[in-house]
Amino acid sequence: MSKVAMKKFLNDMTGRVVIVFVGIAIRVNASVMSSFTNDYKIENMIETNMELIGLIISTMAFLNIFVHYALAHMEEEEEELKI
């Protein structure tokens, strides 16, 4: 990977890693947030939905990281083909 592509990729990584941690935090704190209600059915629904949302956010952020890494790697290959 070229130095320019690697530098651009690493500059964008901080935001993506923060999103991964936000998703993990939502998933871990689902049981805490669901305990604020007294109804068992709503409590179970809140906990399940928060775990699902946290999992989706984390998975999408990881996927975003891998796709941008592949694009940065392909950018170097395209530059080599032009020369």
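**Notes on a helical model: one ring pair, one core and a few residues**

1. Let's start with the rings. In this predicted model, the count of aromatic pairs comes to 1. The partners are Phe9 and Tyr69: their ring centres sit 5.6 Å apart and their planes meet at 65°, so the pair is edge-to-face. The cut-off to keep in mind here is that planes over 60 degrees apart count as edge-to-face. If you wonder why two numbers are quoted, a pair of aromatic rings is described by the distance of the centres and the angle of the planes.

2. What does the ring pair tie together? Phe9 belongs to helix H1 (residues 3-28) and Tyr69 to helix H3 (residues 40-82), so the pair links parts that are 60 residues apart in sequence. As for burial, Phe9 has 11% relative accessibility and counts as buried. Tyr69, with a relative accessible area of 40%, is partly exposed. The cut-off behind those words is that buried means under 20% relative accessible area.

3. Stay with Phe9 for a moment and look at what it touches. Setting aside neighbours within four places in sequence, Phe9 is in contact with Arg16, Ile65, His68, Tyr69 and Ala72. Here is another pair to find on screen: Phe9 and His73 are 64 residues apart along the chain, and their C-alpha atoms are separated by 9.7 Å.

4. Next, the nonpolar core. Which residues make up the largest one? It has 7 residues, namely Ala5, Phe9, Met13, Val20, Ala61, Ile65 and Ala72. H1 and H3 are the elements that give two or more residues to this core. H1 supplies the largest share, 4 residues. So Phe9, which you met in the ring pair, turns up in this core as well.

5. Ala61 is another core member worth clicking on. Leaving out neighbours within four places in sequence, Ala61 is in contact with Arg16, Ile19 and Val20. Of those partners, Val20 is listed in the core too.

6. Ile19 is one of the partners of Ala61, and its place is in helix H1. Is Ile19 buried, exposed or partly exposed? It is partly exposed, with a relative accessible area of 42%. With neighbours within four places in sequence set aside, Ile19 is in contact with Ile57 and Ala61. Ile19 and Ile57 are 38 residues apart in sequence, and from C-alpha to C-alpha they are 7.3 Å apart in space.

7. Now for a charged residue. Arg16 sits in helix H1. What is the nearest side chain of opposite charge to Arg16? It is Asp12, 4.1 Å away, and Arg16 is buried yet has no salt bridge. The cut-off that matters for this call is 4 Å, from a side-chain nitrogen of Lys or Arg to a carboxyl oxygen of Asp or Glu. The Arg16 side chain does make a polar contact with the side chain of His68, at 3.2 Å. Beyond neighbours within four places in sequence, Arg16 is in contact with Phe9, Ala61, Asn64, Ile65 and His68.

8. Further along H1 you'll find Arg27. Arg27 is partly exposed, with a relative accessible area of 43%. Leaving aside neighbours within four places in sequence, Arg27 is in contact with Met50, Glu51, Gly54 and Leu55. Arg27 and Thr48 are 21 residues apart in sequence and 9.1 Å apart in space, C-alpha to C-alpha.

9. Don't skip helix H2 (residues 30-34), where Ser34 has its place. At 0% relative accessibility, Ser34 counts as buried. Which residues is Ser34 in contact with, leaving aside neighbours within four places in sequence? They are Glu43, Ile46 and Glu47.

10. Last one: Glu75, in helix H3. Glu75 counts as partly exposed at 30% relative accessibility. Try finding Glu75 and Asn44 together: they are 31 residues apart in sequence and 47 Å apart in space, C-alpha to C-alpha.

Definitions and conventions. Residues numbered from 1 in each chain as written. Predicted model: local features only at pLDDT ≥ 70, side-chain atom pairs only at ≥ 80, totals over all residues. Heavy atoms only, no water. Phe/Tyr/Trp six-rings, centres within 6.5 Å; stacked < 30°, edge-to-face > 60°. Buried < 20%, exposed > 50% of the residue type's maximum accessible area, 1.4 Å probe, protein only. Core = buried A, V, L, I, M, F, W, Y, C linked by side-chain atoms within 4.5 Å. Contact = heavy atoms within 4.5 Å. Lys, Arg positive; Asp, Glu negative; His and termini not counted. Polar contact = N/O pair within 3.5 Å; in protein donor to acceptor, adjacent residues only side chain to side chain.
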